[in-house]
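Please open the structure in your viewer, and keep the selection tool at hand as you follow the stops below.

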Amino acid sequence: MDCYTANWNPLGDSAFYRKYELYSMDWDLKEELRDCLVAAAPYGGPIALLRNPWRKEKAASIRPVLEIFSASGLPLASLLWKSGPVVSLGWSAEEELLCVQEDGVVLVYGLHGDFRRHFSMGNEVLQNRVLDARIFHTEFGSGVAILTGAHRFTLSANVGDLKLRRMPEVPGLQSAPSCWTTLCQDRVAHILLAVGPDLYLLDHAACSAVTPPGLAPGVSSFLQMAVSFTYRHLALFTDTGYIWMGTASLKEKLCEFNCNIRAPPKQMVWCSRPRSKERAVVVAWERRLMVVGDAPESIQFVLDEDSYLVPELDGVRIFSCSTHEFLHEVPVASEEIFKIASMAPGALLLEAQKEYEKESQKADEYLREIQELGQLTQAVQQCIEAAGHEHRPDMQKSLLRAASFGKCFLDRFPPDSFVRMCQDLRVLNAIRDYHIGIPLTYSQYKQLTIQVLLDRLVLRRLYPLAIQICEYLRLPEVQGVSRILAHWACYKVQQKDVSDEDVARAINQKLGDTPGVSYSDIAARAYGCGRTELAIKLLEYEPRSGEQVPLLLKMKRSKLALSKAIESGDTDLVFTVLLHLKNELNRGDFFMTLRNQPMALSLYRQFCKHQELETLKDLYNQDDNHQELGSFHIRASYAAEEATEDQMRLLRLQRRLEDELGGHFVDLSLHDTVTTLVLGGHSKRTEQLARDFRIPDKRLWWLKLTALADLEDWEELEKFSKSKKSPIGYLPFVEICMKQHNKYEAKKYASRVGPEQKVKALLLVGDVAQAADVAIEHRNEAELTLVLSHCTGTADAATADKIQRARAQAQKK
């Protein structure tokens, strides 16, 4: 235990700091870190290096190479830089590399060196060039701040939704500020800069002079400034060698430290633990590292090599050409257990477990002492918490064994925290492996969340590991395995050295009918990569025609889209394709296409009866269909009649003509007539019409339902629905209300739908959770599958999980 604390360094009386090695870096760097632009992403992210040949003292004859490494030094990408001079590098929250050029253009690259996009910071930046830049992170996303040659600042708080803001001018600023940084206060990004002994805060409207409270006298310049990871605290390094630490609002001073070094540091970053009262700043010079805080002494380390600091949520990563280390405040649980002569419950429990393994009676003595104080529960919790903050697996196991040992003597200790910690540590140890190179701490892992971690593994194309983690944690398929397989498939279609047939077959064999996977999305990615034939092959596996058809239309495969739409039986989908074909083809080709598709031709005729009568006449003329052409002219003569009193007589005449002509147009005229009567409030005449022409109840209900919905007379529709039992059920009421975008009325009728159609009705109104309950109660596999297909996003994760559990229980029975 004494040896364990050998690398602990006290800072004052209440905090210890330790530095331990994460990786031994085997990267073969062609340049020293001091000669490169360096950017390292937080949360154990990758490292980007770009040799900087654009310095005035350097010759720019050799093109630089942009290299990207994992945190363990494994190469991820390397590309020859062919663009303009780069001023700054930085990583976005999505682990995209932002390269800010001197002309104000920002190039965005992926983790594997693939070019994503570019954007400009505006004409003013282009004209005045970029002197300096900062990449920063806020709750809105990743931002870029630019200092131009005209000593003006331009800022965008979110590069994903680029909105440039030109910050106010600083009065009398004739040269570049000695130091500057970005702050995020009240959900707004600000610029804090130093000009001699003065500090200025820029927001979108004004430039304000600010003064740090309690600053030591004699300051003539600020040489460095640092903002904490959460933007709550600020540190200022002055030319007198003092380091001022306070709140980022500059309203409160926390402490001040005199480091007796006046040379400007290379880097200065905060090193504090979440929810810790201790505040410390790490300052790095060429060969010295100093940790200072609210204590008269500091902690100092000698740097053997040129090093780079990466601020993290709970500490600082320090990497050089040979090592990668982590410096942080020792967590409270670890400190209480391992500090010398500790009598904390966790320390006694750890000793008791070790004595038990030695079969020593001291184990019983330690346990009795803890139990007499009533601290056994606290001891178990301390060991579990301390295990989470350990980097070495052997120490994790030792602490978890102690916790497990202590649990045996507790009657009602909930096992959730112990089990969850074991799971989390297995995941963390897996991703910390040298070949993976993501050295997350437990605090960072909890802040990042498992979903974001899976996204980062997918980004690194570590699909097998991501799937293993999902299966180990038993994540719902839609959130876990299915999502990862979909990403894998999208990556697979980019492998252009493999034939379309082989890629499509491999994807189908791997994915099968995995719920939550959309073949149309994968096909869209294939089409975006220029592989149209592969996209068509993938669409063959897509079971939903509504997803197939739009992409086929986008790919200019309209006739194939029409065939798929007709096969689906969805008339709305067929109409969509027909209207697209009508705009795409000339009139003759369009009519010829319709002749080869009888169902499409019939539907288009129905459309023309409502919207384009002249086109309908052309269709009949082209087909030499004299019978329908005669019907068309008779109907046209009906349309000329405007007297509603004569409508019944015309309908009787129509009924007789129907017997002669085969009833090709009676539905349309009947619908128009019933609609007219219903809209006019003639309910009795509607009933009379139904008796005269023997209109079936189902047909009449459909006509009245459509008419009232068109009028949006929901009160009358409610009365109609209660007039007698609906012969068509209440699902059509739900459908027609949703089509009119009246979800309130739709929900009302959904409650009346019979059991056999209940699930479909609930899904129509968007009540996925209740639909799942009904499907589980019915024990209907088809209904369960239907509900599962509507579970999308994190909001429906619990519902999808409930369905999977119900399926598993059903299979056991």
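Begin by selecting Cys737, which in this predicted model is buried, with a relative accessible area of 0%. Then select Cys99, where the relative accessible area is likewise 0%, so that this cysteine too counts as buried. While you have cysteines in view, you may wonder how many disulfides the structure holds; the count is zero.

For the next stop, select residues 393-407, which form helix 6, together with residues 416-432, which form helix 7, and turn the view until you can follow both axes, which lie 12 Å apart. The two helices pack at an angle of about 170°, and because an angle over 145 degrees counts as roughly antiparallel, helix 6 is roughly antiparallel to helix 7. To see the contact itself, show the side chains of Pro393, Gln396, Leu400, Ala403, Ser404 and Lys407 on helix 6, and then those of Phe418, Met421, Cys422, Leu425, Asn429 and Arg432 on helix 7. If you colour these contact residues by character, you will find seven nonpolar, three polar and two charged.

Finally, move to strand 17, residues 198-202, and select Tyr200 within that strand. Is Tyr200 buried or exposed? Its relative accessible area is 16%, and because buried means under 20%, Tyr200 is buried. Around Tyr200, leaving aside its neighbours within four places in sequence, you can pick out the residues in contact with it, among them Val170, Ile191, Leu193, Cys207 and Val210. As a last step, draw a distance from the C-alpha of Tyr200 to the C-alpha of Pro171, which lies 29 residues away in sequence and 9.8 Å away in space.

Note on methods:
Residues numbered from 1 in each chain as written. Predicted model: local features only at pLDDT ≥ 70, side-chain atom pairs only at ≥ 80, totals over all residues. Heavy atoms only, no water. Disulfide = S-S within 2.5 Å. Buried < 20%, exposed > 50% of the residue type's maximum accessible area, 1.4 Å probe, protein only. Axes fitted to C-alpha atoms, helices over the stretch in contact; angles between N-to-C directions. Helix = DSSP H or I, 4+ residues; strand = E, 2+ residues; numbered from the N terminus. Parallel < 35°, antiparallel > 145°, perpendicular 65-115°, else oblique. Contact = heavy atoms within 4.5 Å. Nonpolar A, V, L, I, M, F, W, Y, C, P; charged D, E, K, R; others polar.
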